[in-house]
Amino acid sequence: MYIRVVKKQRSKGSKIFHQFQLVQSVRIDGKSRQRVILYAGSNPLLLDKENRQIVLNILKSKIFGQQELFPTSPPKELLELGLSLYEKYCIKYENETESDKRVTIPPKREQAEYQEVDIKGMEVKDTRTFGAEHLCKQVLNKLELHQYFMSLGMSESQAIKSLISIAARAIFAASEYKTSQILQMNSELASCYNYDKPITHKHLYAISDLLYENKDGIDKFLYRRVTDMFSLEDSLVIFDLSNTYFETRKAGSKLAQYGRSKEKRNDCPLAVFTGVINPQGFIRHSKIYEGNTADSTTLSDMIEHLEKYSDTKTQKTIVIDAGIASDDNLEEIEKKGYKYVCVARKRLKDYPISNDIKEIQLTDRGKNKVELKIFTPEGYTDTWMYVQSEAKRQKEQSMAGKLEKRFIENIQSIENSLSKKGGTKKINKVWERIGRAKQKHSRVAGRYTIEVKETKGIATEITWKKKESKVKDDKSKGIYFIRTNYKNTSEKELWKVYNTIREVESTFRCLKSDLNVRPVHHQNDGRIEAHIYLTTLAYQLVNTIRYMLKNAGLNYGWKNIVRIMSTQTIQTIEIPGKKKTTYLRKPAQPIQEVAQIYKATNCNQTQTAVKKYVVYH
């Protein structure tokens, strides 16, 4: 038995101080081990080696009940120190019956500890959210990102802060400044990684920049890891793009440009981001473009990245939407040796489908009827599939009906003013009003022909008639076409492949709504790119958790998962006893729904309670 000296330092550059521990050497399973018997405080008297030996002799004589052969009279302050430490020892081991077992037998981990407790004096302190943080940490461990970050040359601190940053983005979806406040006051995330240093918004900025610098390697590693984890087939590639808007003009930005906004925010500059995604929703690769980039111009980069980062030689099928499916792009896909499935960009005016071809009827995910027919139109070498969707028909007719109704009401109002006192009657003014109405309702105005009768420059009557157009009628009936360069395929197979594009819609919806990739508030382009990339990394974590839950039959959205997991908190419990007060850091027991999520992801439901410290009194 001896008294160990431990050097302590609260932070780098701060003053060094010393703590002391009563330690005993024991032999466990034939191996020598040291076990801390008692925390001896930080009294400066124990810095002296001779003083430590005197205090140790006092403790040994009291603990073992043996008198020294040649007793000496120790200095008063050392005697008082030794006796006070022995009193602490007795309080700590007051439930033990055999004195020698206190110091010779290591206590069992599972051994219960009974003490007298003042129930009225118990307090719960420092309560923080724990469930979502504990879940994300364990799933990130399964993704093995910590080891990969270290292989990139990151320090241990940088690797841990990177994991915290990704998990924080997934859970809180807040700005770096607000995230740093949440980590400091509300969340147990940093403590889950045993990281006790403050994390400021500047640290989070630096980490997101570092992650973006290593983007290509991280993307490749992460995609390979998820395909290995879930044994995913790497044969189908879904490619699409979306955009995010800025709340300010971003005058000096190359990325922030005015373009066609998916959110109809034509008053704001945009940045475009693309995703190469597999059928399970995992992102293989992503890229960021200027806001005025046309959809169809991004395909070449996608194919280049697909060739560069693909690990397998499996024949791949590229699924794209109509915005990217230009004839030139389809020709390029075929030249590169890939298969494609897409929505036809053109609407056929004439599509003679032979009556001897049997029409296939299926249902979509909403259980709505879908009619399918495969054919090859004149002038094309690829295969087309006629699709008539009941859900799309209802949607198109509802939208068209509302828009047309507003347009007709506007024209009717102009026509009514011809017979009203003070109404607009001059022919040139009437045509001006009609022109403004057409501009306002441009989506439907082209479907109508409008004629105005006049007498001596005064309009007397306005008539309108809807044009006949097979293309427009087809759209209102929910008819569209799917193209592919597969030569021998069935309607069912083609419909199944095409519907994987719903995963892209789900991915972008999660990025925008759940993870708040929009709007962007950063000022320089580098930070904008880092912000979007950090959000895609958080999405990979989110999608991993959701994929595990889907396999277990739990179809929760991410916001709902965070809400459920937030019911599990962690707190410090103050337990006042007869002679000491114990402070215990302990998580709450998970509710049933939380336990189901842990089980579906094969994660531990809680962590061992930690005795933070004991105050003797």
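**Notes on the predicted model**

1. D327 and K346 pair up in a salt bridge, with their closest N and O atoms 3.2 Å apart (a side-chain nitrogen of Lys or Arg within 4 Å of a carboxyl oxygen of Asp or Glu). D327 sits in helix α12 (residues 327-335), while K346 is in the loop between β9 (339-343) and β10 (360-363), 19 residues apart. Helices (H or I, at least four residues) and strands (E, at least two) are DSSP runs numbered from the N terminus. D327 is partly exposed at 35% relative accessible area, and K346 is partly exposed at 42%. For reference, buried is under 20%, exposed is over 50%, and partly exposed is in between (1.4 Å probe, protein chains only).

2. A word on ground rules. This is a predicted model, so local features need pLDDT of at least 70 and side-chain atom pairs count only at pLDDT 80 or more, whereas totals for chains, interfaces and linings use all residues. Residues are numbered from 1 along each chain as its sequence is written, and side-chain values use heavy atoms, with hydrogens and water left out.

3. There are 17 salt bridges in the structure. One of them joins K125 to E574, with the closest N and O atoms 2.7 Å apart; K125 is in strand β4 and E574 in strand β16 (residues 569-576), 449 residues apart. K125 is partly exposed at 38%, but E574 is buried at 14%.

4. Strand β4 has another such link: R585 and D126 form a salt bridge at 3.5 Å, N to O. R585 lies in strand β17 (residues 580-587), so this pair ties together parts 459 residues apart in sequence. Here R585 is the buried partner, at 8%, and D126 is partly exposed, at 39%.

5. Now the interior. The largest nonpolar core (buried Ala, Val, Leu, Ile, Met, Phe, Trp, Tyr and Cys residues joined through side-chain atoms within 4.5 Å) has 97 residues, and F149, L211 and W495 have the most contacts inside it. Helix α19 (residues 525-551) gives the most to this core, 13 residues. Apart from it lies another core of 19 residues, including L306 and Y340.

6. Helix α6 (residues 156-172) checks out: its 17 residues should span 24 Å at 1.5 Å a residue, and the end C-alpha atoms are 24 Å apart, which agrees. That expected span is 1.5 Å times one less than the number of residues. In α6, 14 of the 17 residues are buried, and A173, which follows, has a positive phi near 50 degrees.
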